[in-house]
Amino acid sequence: MPAGTFAVSTSRTMQFSDITAQVQKGVTASTIVDGVCVVYNPHTTAGLTINEGADPDVQTDILAALQKIVPQLPYQHQEGNSPAHVMASLVGSSVTVFIENGRLQLGTWQKIFFCEFDGPRSRKVMWRIV
Amino acid sequence: MPAGTFAVSTSRTMQFSDITAQVQKGVTASTIVDGVCVVYNPHTTAGLTINEGADPDVQTDILAALQKIVPQLPYQHQEGNSPAHVMASLVGSSVTVFIENGRLQLGTWQKIFFCEFDGPRSRKVMWRIV
Amino acid sequence: MPAGTFAVSTSRTMQFSDITAQVQKGVTASTIVDGVCVVYNPHTTAGLTINEGADPDVQTDILAALQKIVPQLPYQHQEGNSPAHVMASLVGSSVTVFIENGRLQLGTWQKIFFCEFDGPRSRKVMWRIV
């Protein structure tokens with residue numbers, strides 16, 4: 001079962017990083033033409049999502065919305081990053097994309113994004129093809 | 001690897017469409033009796049979720065809640081549909097359901113829903129069985 | 001395809017239950033060393049998520065945030081548990097984790113949690129290895 005890991009380095013507290021090319025690179029290297037690719041985030045203050053990549057404003061807007069959606073409460077976790085943990089559970093820890101003819105079958109506007117919610121940090125992303 | 005696509009036509013701005021029968025049709029046609037079915041949404045202002053299908057009020061309530069949860073901000077994306085993009089990332093782009101004896105192993109009250117957040121539109125849904 | 005089910009008994013209205021050991025038990029019993037494990041929740045007022053397990057305050061904070069995020073509206077569903085249905089769609093019905101050398105490949109701080117949103121109840125969780 002082909003699998004791999006790649007690094008993602010984030011430079012801001014909250015940020016989307018388009019990782020589509022890195023995932024496709026793994027798919028291409030695997031020589032699998034037909035299958036399902038699972039991408040996994042092993043961090044608890046980050047996530048993965050699939051959304052529009054054409055207009056970068058969409059990423060900005062989603063991050064702005066998430067900051068409004070997750071309330072500032074008197075959280076108990078002493079590290080001060082509870083909102084980032086909440087966002088991680090809202091967007092989720094993995095995405096699944098189909099592979100056809102060796103290519104990720106994303107929709108016209110879709111890209112795969114690593115979602116940093118507590119950066120900047122050095123992160124990693126794992127993928128595996130079924 | 002059995003796979004397919006089907007169309008979903010939506011008639012309102014925000015709407016849940018029960019696609020369980022269409023997914024089961026694909027499973028039945030595949031003649032796979034034991035496996036995992038992944039359902040994928042290739043659109044960036046729509047999503048997929050699994051929730052209660054018995055009382056249609058649940059769908060109405062989830063949509064009403066999502067409209068309240070996602071704030072009306074001065075979004076930068078000029079198409080005016082940023083809330084739909086946010087909802088897409090909140091519910092997610094795929095669902096995974098087990099297959100046993102050729103049937104989707106949903107819970108008693110569960111149905112698979114296509115979630116339209118920026119309709120009405122002609123949409124498509126992809127599925128694949130592992 | 002190795003698969004199984006285990007019970008989760010919840011004692012509060014809203015609660016996270018760490019089910020990592022039960023999932024790992026299934027993986028170990030399967031003798032699969034390399035693969036992908038999908039964990040599935042068949043209930044419509046509960047969910048599954050992966051988040052920090054080291055500090056239990058993170059679980060408390062996520063639940064407190066979810067209660068603030070999901071509004072108290074005049075919901076139509078007469079059972080009074082619409083917020084729990086909304087939370088189920090926000091966190092999602094399944095999680096996917098890789099298996100290497102027979103072990104779930106979770107990140108350092110990650111644990112798999114069953115999320116009860118309408119307890120206390122007797123629940124079940126299904127898993128399957130690809």
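Which residue of chain A forms a salt bridge with C:Glu100? I looked this up first and found A:Arg128, with the closest N and O atoms 3.5 Å apart. I note at the outset that the model is predicted.

**Entry 1. Chain A against chain C**

I recorded two salt bridges between chain A and chain C. Strand 3 (34-40), helix 3 (82-91) and strand 8 (122-129) of chain A each supply at least two residues of the side that touches chain C. Helix 3 of chain A gives the largest share of that side, six residues. I then sorted this side of chain A by class and obtained 15 nonpolar, eleven polar and one charged residues.

I next looked up the extent of the contact. It takes 27 residues from chain A and 32 residues from chain C. The area buried between chain A and chain C is about 2400 Å², and carbon and sulfur atoms give 61% of this area. Within chain A, the residues that lose the most area to chain C are A:Tyr40, A:Ser89 and A:Arg128, together 26% of what that side buries. A:Arg128 thus enters my notes both for its salt bridge with C:Glu100 and for its part in the buried area. For polar contacts across this interface I noted 14 residue pairs, both residues at pLDDT 80 or more.

**Entry 2. Chain B against chain A**

I turned to the interface of chain B and chain A. Here 27 residues of chain B are in contact with 32 residues of chain A. About 2400 Å² is buried between the two chains, with 61% given by carbon and sulfur atoms. B:Tyr40, B:Ser89 and B:Arg128 supply 26% of the area that chain B buries against chain A, more than any other three residues.

I counted 13 residue pairs in polar contact between chain B and chain A, both residues at pLDDT 80 or more. On the side of chain B that touches chain A, the elements giving two or more residues are strand 3 (34-40), helix 3 (82-91) and strand 8 of chain B. The largest share, six residues, comes from helix 3 of chain B. By class, I found 15 nonpolar, eleven polar and one charged residues on this side.

**Entry 3. The salt bridges of B:Arg128**

How many salt bridges are there between chain B and chain A? The count is two. In one of them, the side chains of B:Arg128 and A:Asp34 meet at 3.0 Å, N to O. B:Arg128 also forms a salt bridge with A:Glu100, the closest N and O atoms being 3.4 Å apart. B:Arg128 lies in strand 8 (residues 122-129) of chain B and A:Glu100 in strand 5 (residues 94-100) of chain A, so this pair joins two chains. I noted that A:Asp34, A:Glu100 and B:Arg128 are linked in a network of salt bridges.

Is B:Arg128 buried or exposed? B:Arg128 is buried, at 2% relative accessible area, whereas A:Glu100 is partly exposed at 35%.

**Entry 4. Pairs within one chain**

I then looked up salt bridges inside chains B and C. In chain B, the side chains of B:Arg121 and B:Asp118 meet in a salt bridge of 2.4 Å, N to O. B:Arg121 counts as partly exposed at 34% relative accessibility, while B:Asp118 is buried at 18%.

In chain C, C:Asp118 forms a salt bridge with C:Arg121, with the closest N and O atoms 2.4 Å apart. C:Asp118 has a relative accessible area of 19% and is therefore buried, the cut-off being under 20%. C:Arg121 is partly exposed at 34%.

As a last item, I recorded the count over all chains, which is twelve salt bridges.

Terms used: Residues are numbered from 1 along each chain as its sequence is written. Chains are lettered from A and ligands numbered from 1 in the order in which they are written. This is a predicted model: local features need pLDDT of at least 70, side-chain atom pairs count only at pLDDT 80 or more; totals for chains, interfaces and linings use all residues. Side-chain values use heavy atoms; hydrogens and water are left out. A salt bridge is a side-chain nitrogen of Lys or Arg within 4 Å of a carboxyl oxygen of Asp or Glu. Helices (H or I, at least four residues) and strands (E, at least two) are DSSP runs, numbered from the N terminus. Buried means under 20% relative accessible area, exposed over 50%, partly exposed in between (1.4 Å probe, protein chains only). Contact means heavy atoms within 4.5 Å. Buried area is the accessible area (1.4 Å probe) that two parts lose on being put together, summed over both. A polar contact is a pair of N or O atoms within 3.5 Å; within protein, one must be able to donate a hydrogen and the other to accept it, and residues adjacent in sequence count only if both atoms are side-chain atoms. Ala, Val, Leu, Ile, Met, Phe, Trp, Tyr, Cys and Pro count as nonpolar, Asp, Glu, Lys and Arg as charged, and the others, Gly among them, as polar.
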